[in-house]
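Trainee: I'd like to go through this one with you. Please give me the reasoning behind each term as we use it.

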Amino acid sequence: MSIVNENFLRLEGRYLFQEIAKRVRAHTQSSPQARIIRMGIGDVTCPLVPCVISAMHRAVDDLSHADTFRGYGPERGYLWLREAIAQQDYASRGVVVSPDEIYVSDGAKSDTGNITDLFSPTAVVGIPDPVYPVYVDTNVMSGRTVIGLPSDEANDFVPLPPDDRRLDIAYLCYPNNPTGAVITREALTRWVDYALRTGTIILYDSAYEAFIRDAALPHSIFEIEGARHCAIEFRSFSKTAGFTGVRCAYTVIPHELHVTASNGASVRLASLWERRQGCKFNGASYVSQRAAEAVCTPEGRAAVQAQTDHYLSTARMIRERLQQMGLRPCGGLHSPYIWAHTPEGMDSWTFFDLMLHEAGVVVTPGEGFGACGRGRFRLSAFADADDAREAMDCMERVIKN
Ligand SMILES: *Cc1c(COP(=O)(O)O)cnc(C)c1O
């Protein structure tokens with residue numbers, strides 16, 4: 001008998017970004033002079049906005065005095081932060097989410113991965129393809145079978161709910177990583193109606209909602225009627241406010257969300273999450289939560305929106321340049337990501353190597369996000385604007401030859 005979790009042996013190769021880092025390292029070792037522009041990884045580059053920095057300084061001062069010192073905080077996050085989130089991110093858009101339905105954490109990556117603890121190893125999981133690799137890998141680690149839901153130009157990168165099979169769980173992420181696509185209210189309503197009809201739980205990742213600039217697009221699945229009975233939502237301050245290093249995110253589990261156990265009992269999913277987090281998690285840091293609270297003020301709001309506006313202007317430029325190169329881009333309008341075709345259907349790792357060696361540009365190979373990413377690649381607008389323009393010039397030069 002094996003003592004390791006053999007599900008890990010079923011994982012595909014190494015994590016996408018580790019493979020990219022390995023190839024870039026090999027290139028810089030063999031050509032140390034080569035200039036490299038990283039248009040691949042999904043990490044922000046702008047510094048934290050001033051009111052967040054001030055809040056963090058104040059929080060550090062709190063920790064330096066006995067009367068304001070904080071140790072372990074409440075497991076689900078400080079009430080002042082959960083109230084600020086409920087007000088700024090939901091009530092201000094007419095969505096009712098109560099502070100006690102919000103669970104603050106250190107990241108949406110961990111939350112979207114850890115949520116799999118709540119479900120049966122035999123649950124049938126539907127995951128769009130291409131996709132953020134975390135959803136697939138964490139389900140494989142728990143021994144689940146994953147059903148890919150293809151998304152491409154034919155369905156505007158929004159898979160329809162399958163009519164030939166039942167899903168226990170379905171992941172949706174909009175604005176999408178990696179395609180940059182958005183979901184309309186109509187398409188999201190179809191998913192919610194399907195979930196209510198079939199008992200599917202939708203895991204909705206809206207880590208990029210702050211990039212939406214079209215008032216008609218939903219920011220939250222809870223804008224859709226009935227979603228409180230079938231959905232969990234994940235949000236993060238990472239891409240919204242440049243918190244990839246600070247670490248603060250949250251998950252919303254509505255009171256109404258119940259599933260039926262095998263003995264027929266109705267189980268509140270929030271109770272399981274509370275039990276799980278109480279056992280395996282001790283909260284996000286006080287300083288991070290004070291920083292997040294500052295984002296949820298009108299001043300913080302405006303400052304971080306100026307930052308996402310800046311990334312979006314770079315994204316539009318990239319999209320236009322790829323269009324001119326004939327690479328049929330999508331995304332980049334309500335998302336920092338642009339998804340495009342490789343020239344003449346070139347294999348995406350071959351294109352990655354060509355861009356790395358000939359153009360000095362790091363792209364993300366589409367195949368790393370799933371089979372539907374073959375012959376595609378992703379660019380990220382988190383790069384410096386001048387670097388991004390230079391990268392487009394370098395790519396164009398190589399592609400035209
Ligand atoms: C970046 C990202 C997140 C945020 O992860 P954190 O752990 O909060 O930094 C969540 N989902 C997707 C799809 C992402 O790309």
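**The ligand and the spaces in the protein**

Trainee: What makes Ser238 a polar contact of the ligand?

Mentor: A polar side-chain atom of Ser238 lies 2.6 Å from an oxygen atom of the ligand. The limit for a polar contact is 3.5 Å, so this pair counts. Keep in mind that the model is predicted.

Trainee: Which distances do Tyr208 and Arg247 show?

Mentor: For Tyr208, an N or O atom of the side chain is 2.6 Å from a ligand oxygen. Arg247 places a polar side-chain atom 2.7 Å from an oxygen of the ligand. Both pairs are within 3.5 Å, so both are polar contacts too. As for cover, the ligand has 390 Å² of accessible area on its own, and the protein covers 94% of that.

Trainee: How do you know which residues belong around the ligand?

Mentor: A residue belongs if one of its heavy atoms lies within 4 Å of the ligand. There are 14 residues around it, and those that come nearest are Asp205, Tyr208, Ser236, Ser238 and Lys239. By class, this shell holds 6 nonpolar, 4 polar and 4 charged residues.

Trainee: What justifies saying that the ligand sits in a pocket?

Mentor: The test is that more than half of its atoms lie within 2 Å of the pocket's grid points, and the space the ligand takes is the second largest pocket, so we say it sits there. In the shell around the ligand, two or more residues come from each of α4 (108-114) and α7 (237-241).

Trainee: How much space lies in that second largest pocket, and what lines it?

Mentor: About 520 Å³. Its lining has 25 residues, with Gly42, Lys109, Tyr132, Lys239 and Thr244 closest to the centre. The elements giving two or more residues to this lining are α4, α5 and α7, and α4 gives the most, with 3 residues.

Trainee: And what of the largest pocket: how much space, and which residues lie nearest its centre?

Mentor: It holds about 680 Å³. Of the 26 residues lining it, Glu12, Glu367, Gly368, Phe369 and Gly370 lie nearest its centre. Elements that give two or more residues are α1 (16-30), β3 (125-129), α5 (133-141) and β4 (146-150). The top contributor is α5, with 4 residues.

Trainee: Why is one space called a cavity rather than a pocket?

Mentor: In a cavity a 1.4 Å probe fits but cannot get out, whereas a pocket is open. The whole structure has 1 cavity of 30 Å³ or more, with a volume of about 80 Å³. Its lining is Asp89, Glu209, Arg235, Ser236, Phe237, Thr240, Tyr250, Val295, Cys296 and Arg301. Both β7 (231-236) and α7 give two or more residues to that lining.

Trainee: What makes 4 residues of this lining count as charged?

Mentor: Asp, Glu, Lys and Arg are the charged class, so Asp89, Glu209, Arg235 and Arg301 qualify. The others divide into 4 nonpolar and 2 polar.

Trainee: Turning to the backbone, is the bond from Tyr174 to Pro175 cis or trans?

Mentor: Cis, with omega near -10 degrees. Asn177 and Pro178 are also joined by a cis bond, with omega about 15 degrees. Pro175 is in the loop between β5 (169-173) and α6 (185-198), and Pro178 is found between β5 and α6 as well.

Trainee: Why point these out?

Mentor: Because most peptide bonds are trans.

Note on methods
Residues are numbered from 1 along each chain as its sequence is written. This is a predicted model: local features need pLDDT of at least 70, side-chain atom pairs count only at pLDDT 80 or more; totals for chains, interfaces and linings use all residues. Side-chain values use heavy atoms; hydrogens and water are left out. A polar contact is a pair of N or O atoms within 3.5 Å; within protein, one must be able to donate a hydrogen and the other to accept it, and residues adjacent in sequence count only if both atoms are side-chain atoms. Accessible areas come from the Shrake-Rupley method with a 1.4 Å probe; for residues, only the protein chains shown count as cover. On a 1 Å grid over the protein atoms alone, a cavity is a set of points where a 1.4 Å probe fits but cannot get out, and a pocket is an open set with protein on both sides within 12 Å along at least five of seven lines; lining residues have an atom within 4 Å of a point. Grid points are joined across faces, edges and corners, and a volume is the space filled by probe spheres set on the points.
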